[in-house]
Amino acid sequence: MERGHLTWPFFEPRHRELADQLDAWCAVNCADRYIDDVDSECRTLVRELGAAGFLKLCVADGGNRPEVRSLALARETLAYHAALADFAFAMQGLGSGAISLFGTVEQKRDWLPRVASGQAIAAFAMTEPASGSDAANIQTSAMREGNEWVLVGEKTYISNGGIADFYVTFARTGEGEGARGLSAFIVPADAGGLSVAERIEVVAPHPLARLTYDNVRIPADAIVGEPGEGFRIGMETLNLFRVTVGAAALGFARRALDEALAFATDRRLGSGTLADNAVTQEKLADMAVLIDASALLIYRAAWQQDEGGTDHRRAAAMAKLHATEAAQQVIDAAVQLHGGAGVTRGVKVEELYRDIRALRIYEGASEVQRQIIARDLLKERRP
Ligand SMILES: Cc1cc2nc3c(=O)[nH]c(=O)nc-3n(C[C@H](O)[C@H](O)[C@H](O)COP(=O)(O)OP(=O)(O)OC[C@H]3O[C@@H](n4cnc5c(N)ncnc54)[C@H](O)[C@@H]3O)c2cc1C
């Protein structure tokens, strides 16, 4: 896998060591895995990633937030080798992110070590049938009754739905209108009244479900942060992981370019190979430029976020937007270069073609990223 970018000034020696360790781990553990049952494969991957120590990157270490550069490097490397390994890794971070960022000492103690060791599978339950991009419109309610919260409602498109041990769930508690009236809760999967209403099949298989909350009772101290802070908690969690979605897309794109290079140099065309052809070379060059631009945007945003200080939402949105859109183009070009083989089941670029698609939709669709960028550009120009 391409490693040239690790010499960029965004990185320290420990990042290069991490990338090497992950690459070596993937070479042994991700090669030629046959996915028969996606649930058990995910559970196994979480356990293996935990045992290897990589899931520690996904959770707060004492008072320190997860480091975005390490998360991004891990996702880039895992995605290069196996989309499901990247998924298993990423969800441990996103699912427990609210606890890492806003949890009490007790919540962190109770959940984060188990997430980091791979013993507890995490999920992030925000989307509902009537509120996706418009998260401020969440309808699931949480009412306080004595020493408990009672949740009623429905969530959909929840990754790890059906295999998670807990769902960080966003619900309306009514402190204010819209975004000002939401709170976040830790809901254990075995809480009475929580059930998987439907499993959802998507183009690139992973555990995904619609959940129903039928008077789910959880203790008063299962709330994360203060009542009414849920929207901010959800958005800050998404902000932390947004760049890493781009990094996963980068991993897919790098793999597509490598597959295209291998195919083009091997495939006979007339008296030479496909790679000797000028049209092919132009395509390969465009793919490489898109990939480098993605990497620059991702690791700039990751470095800025790790450095802290100011608000880096625009850089993170640019990184996610560009990297996911560019990866789609790169993978499509790789499929085209492969001809019929490119759309044949079992060929890597066909798998990548399906793996990339949802990344342009979840954790803030491309249209939403453009809105974030444009609002940030305009905010200083408006009276
Ligand atoms: C594979 C997968 C995994 C997911 N995992 C999770 C998960 O773990 N947890 C979770 O909570 N959710 C998850 N989601 C849900 C995901 O976050 C939502 O699908 C996403 O937020 C979009 O919401 P929606 O599907 O309701 O589409 P909508 O919000 O209805 O959007 C439909 C279209 O309208 C566009 N659009 C929306 N608003 C605007 C606007 N203001 N201006 C212009 N265009 C706009 C969108 O970009 C999109 O193209 C997952 C989704 C998928 C596909």
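Q: Ala, Val, Leu, Ile, Met, Phe, Trp, Tyr, Cys and Pro count as nonpolar, Asp, Glu, Lys and Arg as charged, and the others, Gly among them, as polar. How many residues of each class does the shell around the ligand have?
A: In this predicted model, sorting the shell that way gives nine nonpolar, six polar and two charged residues.

Q: What makes a residue part of that shell, and which ones come nearest?
A: The cut-off is one heavy atom within 4 Å of the ligand. There are 17 residues around the ligand, and Phe124, Thr127, Ser133, Tyr157 and Glu367 come nearest.

Q: What makes the pair formed by phenylalanine 124 and the ligand a polar contact?
A: The limit for a pair of N or O atoms is 3.5 Å. On the protein side there's a backbone N or O atom of phenylalanine 124, and on the other a nitrogen atom of the ligand, 2.7 Å away. Since 2.7 Å is within 3.5 Å, the pair counts as a polar contact.

Q: And what makes threonine 127 and serine 133 polar contacts of the ligand?
A: The same test, this time with side-chain atoms. Threonine 127 puts a polar side-chain atom 2.7 Å from a nitrogen atom of the ligand. For serine 133, an N or O atom in the side chain sits 2.6 Å from an oxygen atom of the ligand. Both distances fall within 3.5 Å, so both pairs pass.

Q: How much of the ligand does the protein bury?
A: The protein buries 66% of the 970 Å² that the ligand exposes when taken alone.

Q: Which elements give two or more residues to the shell, and which gives the most?
A: Two elements reach that number, β3 (148-159) and α10 (366-379). With three residues, β3 gives the most.

Q: What is worth a look in the backbone of tyrosine 157?
A: Its phi is near 55 degrees, a positive value in a residue other than glycine. Tyrosine 157 lies in strand β3 and is one of the residues that come nearest to the ligand.

Q: Where is asparagine 160, and why is it called buried?
A: Asparagine 160 sits in the loop between β3 and β4 (166-172). Buried means under 20% relative accessible area, and asparagine 160 has 2%, so it's buried. Asparagine 160 also has a positive phi, about 70 degrees, although it isn't a glycine.

Q: How do you know what to call serine 96, buried or exposed?
A: Put its value against the 20% limit: serine 96 has 0% relative accessibility, so it counts as buried. Serine 96 lies in helix α4. A polar atom of its side chain is 2.6 Å from the backbone oxygen of glutamine 92, which is within the 3.5 Å limit for a polar contact.

Q: Why is alanine 189 called partly exposed?
A: Partly exposed covers the range between the 20% and 50% limits. Alanine 189 has 29%, so that's where it falls. Its place is the loop between β5 (182-188) and β6 (194-199). Alanine 164 is 25 residues away along the chain, yet the two C-alpha atoms are separated by 6.6 Å.

Q: What makes an empty space a cavity, and how many does the model have?
A: A 1.4 Å probe has to fit but be unable to get out. By this rule there's one cavity of 30 Å³ or more. The largest cavity holds about 30 Å³ of space.

Q: What lines the largest cavity?
A: Its lining is Cys58, Leu71, Arg75, Phe89, Ala90, Gly93, Phe241 and Thr244. Two or more of these residues come from each of α3 (68-81), α4 (83-102) and α6 (230-266), with the largest share, three residues, from α4. By class, five are nonpolar, two polar and one charged.

Q: And what about the second largest pocket: what volume and what lining does it have?
A: A pocket, unlike a cavity, is an open set of points. This one has a volume of about 310 Å³. Its lining includes Arg14, His15, Leu18, Lys56, Asp61 and Glu67. Helix α1 (residues 13-29) provides the largest share, three residues. Four lining residues are nonpolar, three polar and five charged.

Terms used:
Residues numbered from 1 in each chain as written. Predicted model: local features only at pLDDT ≥ 70, side-chain atom pairs only at ≥ 80, totals over all residues. Heavy atoms only, no water. Polar contact = N/O pair within 3.5 Å; in protein donor to acceptor, adjacent residues only side chain to side chain. Areas by Shrake-Rupley, 256 points an atom, 1.4 Å probe, with all protein chains shown as cover. Helix = DSSP H or I, 4+ residues; strand = E, 2+ residues; numbered from the N terminus. 1 Å grid on protein atoms, 1.4 Å probe; cavity = no way out; pocket = protein on both sides within 12 Å on 5 of 7 lines; lining within 4 Å. Points joined across faces, edges and corners; volume = space filled by probe spheres on them. Buried < 20%, exposed > 50% of the residue type's maximum accessible area, 1.4 Å probe, protein only.
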